[in-house]
Amino acid sequence: MAATPNPMTQATQWLKKTKLWKSIFRHDFTDTPRTRLQRVFGNVFLHLHPVRIPKDAIRVTYTWGMGGISFYLFLLLVVSGILLMFYYRPTSAVAYQDIKDLTFAVTLGGFLRNLHRWAAHLMVICVILHMIRVFLTGSYKPPREYNWVVGVLLLVMTLFLSYTGYLLPWDQLALWAVTVGAQMAANSPLLGNEGPFRLPFITTTNDVRFMLVGGTTIGDATLIRFYVLHCMAVPFIFLIFLAVHFWRVRKDSFSVQTGPKVDVWPNLVSRELLAALLVTVILFVWSMLLGAPLEGEANLNVTPNPSKAPWYFLGLQELLVYFDPWIAGVVLPTLIVVGLMAIPYVDTNPKGLGRWPDLRRARLGPLPVLTTTERPFAVSVFMLGTIMWFVLIFIGEFCRGPNWEWYWPWEDWSHRRISKMTLKNLPNLWGGLLIVAYFLLGSPAPQRIKAWLAARFGPRAPERASALLHLGLGMLLAVAVFVPLVMSGDPDYPARSDTPTLFEALGRSRNAPVVQGMYGLVQSAGPAAGYAGIALLVLSAGLALGWIGIRFGRLKDRLYEELGLLKYSIVIPLFLIMVGVLGKIVLRLLFGIKYLVSIPAFDFNI
Amino acid sequence: MTNGTSASSPAGPDADVRAPGLWERLDQALERRQFILKSGWALFWLFLGGWLLSNLRYLFPNVLYEATLTFKGGRPEDFPLGVSDKLKKSHRVWVVRTEQGFYSVWARCTHLGCTPNWFEAEGRFKCPCHGSNFTSTGDVIAGPAPKPLWRCAIQLSNDGQLLIDKGRLENRPGQRDKGEFFLPYSNA
């Protein structure tokens, strides 16, 4: 080695002594315990981190980095979005042409558009996975309840950003997604022109849809509205909530506090950098290989057949098949969001904080089930909801073909398939009975009543009363579904239906397998044997439902004691509504039932 | 203080000390400075709330630049018996010719506003978005649509063409089969 130092090093050393350098960088960068701290709290971008953190909190397998990656994707979306804005004009005459230009004529335009689209999809995935992680590790438990609420709002805004974003290309997907979304707004109770219980002064020119669309038909006014929402308004609010979200993570500290404390620089910062690099590589390759979809130019007179929303809204689109728009489009999404927000306030169980739940095999009657050692109810309900949502997405993506008819994933689509779908309403009285009996399942049996029963009628009385109640409700549910299907006349006959009874109408259809089976049984085995078989079916369905009710009865009594009346009356209705949605889907797909209760005068259908 | 206020106090007429009236009670509850401060804040929130609400009104435009909903759809004799797709691509309506006359159906699903298609083989309108099925009269037979398709006002213009107005709509059975929503042959 030469005695004189390298001139480059000399120059650097001189530079570091200048006033200019020192005015920008306040500390030197040699790796000492002191500078490690200084790097974090002396840097505006890094100072949101703590300077030291428990080792287990930054374990990759604990968080999978989902929150951080979501934030990185947000930054990537801001940058690519700003670049796209240089070429895009939000008027219906040129918007579609500008997107075509971006894709085919502008250097790197297509790549940036792909990047923006795929990063948005990835961000939706990451935000959802982040929420699932936070739920499963109990990280929303006190003192982090409020931050969970902020997180749910950020999820909603992420979806709203996606929704407002895909109107902008002004292609068919855009137009029909917005048509459907705006029409859902028009179906809002009270404030929508087509919603139930519409207020007397609401018309097409002053309802919620009108405000969203900026007119009565979707056009230039809509495009500029969504443009402003997508590029300015929502990101602005999003950033405010994001700041609160991060701030609260710091203030409430991390959900894991085990393990020795390590320096954030370099331990956490390097992980963040690696995650960002990994995501960048994935997205760049993805955007180079796969173009963002662009359908034909928007045309209100033609709807693509089938017309499918992007995957993250397909669950909602599929839900809209089973319920009236005001329920599926307004009430249920609101309940989902409010229900998610309520989780930390109704979950009083302090267990399971800061670790992934342990899985364990158990039996539910004859069925083997997988459950968790801690928080089995919370985890099961949350996962049931999540899985239901993704099953709906799966159905929408892979099981729906032209005219939104059911096709198995391996079936070929045919635009000329003759299907002749038939759906029928249950008579209102039976349907109402079904709904009442179903929600009565949620009635609790408080300790006091049990004690009174035991004192009055003997120690086994409470158990017997519960069994009787739930078996009764189970039978009632089965009867309320099957009996009207077999006995009731078809109110559409003869104007809109060729058959005088519901049994015949649905039995001859091709979209009500259970009723078809029953009808077939009566046809082939003769009325006596056929109806006896149906009676047996009703009895066994009632007993099965009753048995589930009894099992559920024990659980809900325990829940009632643990939660108290207020929390119980939030948790159980939400739970019953969630399972009820599943029930209604089953009634539609297996029995061909459209509405349980239908009162057209108020646009009220369930 | 009027007699009315003291008489209404629970202490009764014999009470030596009069119960404080409304104004006195207010004075006690809100010391004067407090009162001014609280009024100030109340006005502040009132102003802020009012301003935000007024912005809500701002989002409802007063003038709309939208295309007319009335159009001429050609001569009646150009439409064969049954459902005609002829005007759908250009005006989003179907013209249906029956043994008795003409009516026009707006091609907009009553569920969430997609444009259904006509399937001649099944005699049904089917919607591609959520799978609603309608008969040629517009009645729902399957799928989630809550009410029948809308019929447009249809009449004969002076030059012998069908004049269709998508701004005047009707879908109630009975109402939709008469008046301006049905054009019988005697008029055509």
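Which residue of β6(B) does Asn117(B) stand opposite? The partner is Lys126(B). Strands here, like helices, are DSSP runs numbered from the N terminus, with at least two residues (E) for a strand and at least four (H or I) for a helix.

A word on the model comes before the rest. The structure is a predicted model, in which local features need pLDDT of at least 70 and side-chain atom pairs count only at pLDDT 80 or more, while totals for chains, interfaces and linings use all residues. Residues are numbered from 1 along each chain as its sequence is written, and chains are lettered from A and ligands numbered from 1 in the order in which they are written.

Back to that pair of strands. β5(B) and β6(B), the latter spanning residues 124-126, run antiparallel and share three bridges; two strands count as paired if DSSP finds at least two bridges between them. They belong to an open sheet of four strands in chain B, ordered β5-β6-β7-β8, with antiparallel pairing. At its edges sit β5 (117-119) and β8 (140-142) of chain B, each pairing on one side only.

Chain B as a whole holds four helices and 11 strands. Of its 188 residues, 33% are buried, where buried means that 20 or more other C-beta atoms lie within 10 Å of the residue's own, exposed means 12 or fewer, and partly exposed is in between, with C-beta atoms placed from the backbone. Contacts call for C-beta atoms, again placed from the backbone, within 7 Å. Among the contacts in chain B with a separation of 6 or more, 40% come from residues 24 or more positions apart.

Strand β4 of chain B (residues 101-106) is a good place to look closer. Five of its six residues are buried, so the strand is largely enclosed by the rest of the structure. β4(B) forms a hairpin with β3(B), with three residues between them, and the antiparallel pairing of β3(B) (residues 93-97) with β4(B) takes five bridges. In that hairpin Trp94(B) stands opposite Val105(B). Val105(B) also stands opposite Arg151(B) in β9(B), a strand covering residues 151-156 that joins β4(B) in antiparallel fashion through two bridges. Another antiparallel partner of β4(B) is β11(B) (residues 183-184), again through two bridges, and there Phe102(B) has Leu183(B) as its bridge partner.

A hairpin in chain A makes a contrasting case. Strand β3(A) (residues 359-364) is hardly covered, with a count of zero buried residues among its six. β3(A) pairs with β4(A) (residues 367-372) in the antiparallel sense over six bridges, and Leu364(A) stands opposite Leu367(A). Two residues lie between these strands, and Gly365(A) in the turn has a positive phi of about 60 degrees.

Next come the cores. A nonpolar core is a set of buried Ala, Val, Leu, Ile, Met, Phe, Trp, Tyr and Cys residues joined through C-beta atoms within 7 Å. The largest has 106 residues, and those with the most contacts inside it include Leu73(A), Ala119(A), Val93(B) and Ile154(B). Leaving aside neighbours within four places in sequence, Ala119(A) is in contact with Leu73(A), Leu76(A), Leu77(A), Ser80(A) and Leu283(A). A second, separate core of 30 residues includes Leu426(A), Tyr438(A), Leu441(A) and Val481(A).

Helix α14(A) (residues 325-346) has a kink of about 30 degrees at Val331(A), shortly before Pro333(A); the bend at a residue is the angle between axes fitted to the seven residues ending there and the seven starting there. Buried residues of α14(A) include Trp326(A), Gly339(A) and Ile343(A), and the buried residues of this helix pack against α8 (145-165), α9 (172-186), α13 (311-322) and α20 (513-591) of chain A. With α20(A), the packing angle is about 140 degrees and the axes are 11 Å apart; axes are lines fitted to C-alpha atoms, for helices over the stretch in contact, and angles run from 0 to 180 degrees between N-to-C directions. Among the residues making this contact are Leu332(A) and Leu335(A) of α14(A) and Leu563(A) and Ile570(A) of α20(A).

Finally, the two chains meet in a contact that takes 40 residues from chain A and 32 residues from chain B. On the chain B side, α4(B) gives the most, with three residues.
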